[in-house]
Amino acid sequence: MFLTRLDSPIGRLELVGDEVAVTALTIERDGVLPHDGEPERSNDVLDAACEQLVEYFAGTRTEFDVPVRLVGTPFQRAVWGELERLGWGEATSYGALAAAVGRPGSARAIGGAVGANPVPIIVGCHRVLASDGRITGYSGGEGIPTKLWLLGHERIGFAA
């Protein structure tokens with residue numbers, strides 16, 4: 001396992017990967033990351049991901065091209081595949097994601113899959129809103145405040 005950390009405007013980030021892809025990105029919660037006790041051991045993939053994240057937070061990068069490996073159920077992978085299609089500043093709804101993966105009416109299950117995204121920011125799960133444009137939650141970092149920052153950074157409007 002390769003591991004590196006990065007400071008960001010939304011808190012420290014921890015990236016985990018293998019020889020060829022980023023496999024996890026965690027935003028610190030309450031000052032803690034999952035592997036805080038382990039030493040960093042980076043590689044070219046994680047170095048590239050960090051560089052792209054720095055550019056993203058600086059506002060000079062609007063898409064990521066580092067390889068990611070998303071491990072989950074077929075349903076989760078289908079949802080994450082739809083998230084990967086969203087670009088900077090684009091939002092979708094849980095209902096639209098459900099329709100896109102052929103599961104209309106399963107917005108609650110979609111929410112679970114979105115929340116289980118192992119590589120947030122790079123795979124933009126923060127871009128999912130309720131059908132009326134409201135923010136319903138966010139599992140990364142400090143939750144809704146983290147999502148609010150990411151939405152504001154990408155100039156994505158939402159309902160109050």
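These questions and replies look at a pocket, a helix pair and one residue in a predicted model.

Residues are numbered from 1 along each chain. Local features need pLDDT of at least 70, side-chain atom pairs count only at pLDDT 80 or more, and totals for linings use all residues.

Me: Why are α2 and α4 called roughly perpendicular?
Reply: Their packing angle is about 75°. Angles of 65 to 115 degrees count as roughly perpendicular, therefore α2 and α4 earn that label. Helix α2 spans residues 74-85, helix α4 residues 107-115, and their axes (lines fitted to C-alpha atoms over the stretch in contact) lie 9 Å apart.

Me: What makes the contact between α2 and α4?
Reply: F75, Q76, V79, W80 and L83 of α2 meet A109, I110, A113 and V114 of α4. Contact means heavy atoms within 4.5 Å. These residues divide into eight nonpolar, one polar and no charged. Ala, Val, Leu, Ile, Met, Phe, Trp, Tyr, Cys and Pro count as nonpolar, Asp, Glu, Lys and Arg as charged, the others as polar.

Me: Which residues does E82 of α2 contact, leaving aside neighbours within four places in sequence?
Reply: L97, A100 and V101. E82 and V101 are 19 residues apart in sequence, yet 7.8 Å apart C-alpha to C-alpha.

Me: What makes a set of grid points a pocket?
Reply: On a 1 Å grid, a pocket is an open set where a 1.4 Å probe fits, with protein on both sides within 12 Å along at least five of seven lines. The largest one holds about 190 Å³. Its lining (residues with an atom within 4 Å of a point) has 13 residues, with E63, F64, E84, L86 and I122 nearest the centre. Eight are nonpolar, two polar and three charged.

Notes:
Heavy atoms only, no water. Points joined across faces, edges and corners; volume = space filled by probe spheres on them. Axes fitted to C-alpha atoms, helices over the stretch in contact; angles between N-to-C directions. Helix = DSSP H or I, 4+ residues; strand = E, 2+ residues; numbered from the N terminus. Parallel < 35°, antiparallel > 145°, perpendicular 65-115°, else oblique.
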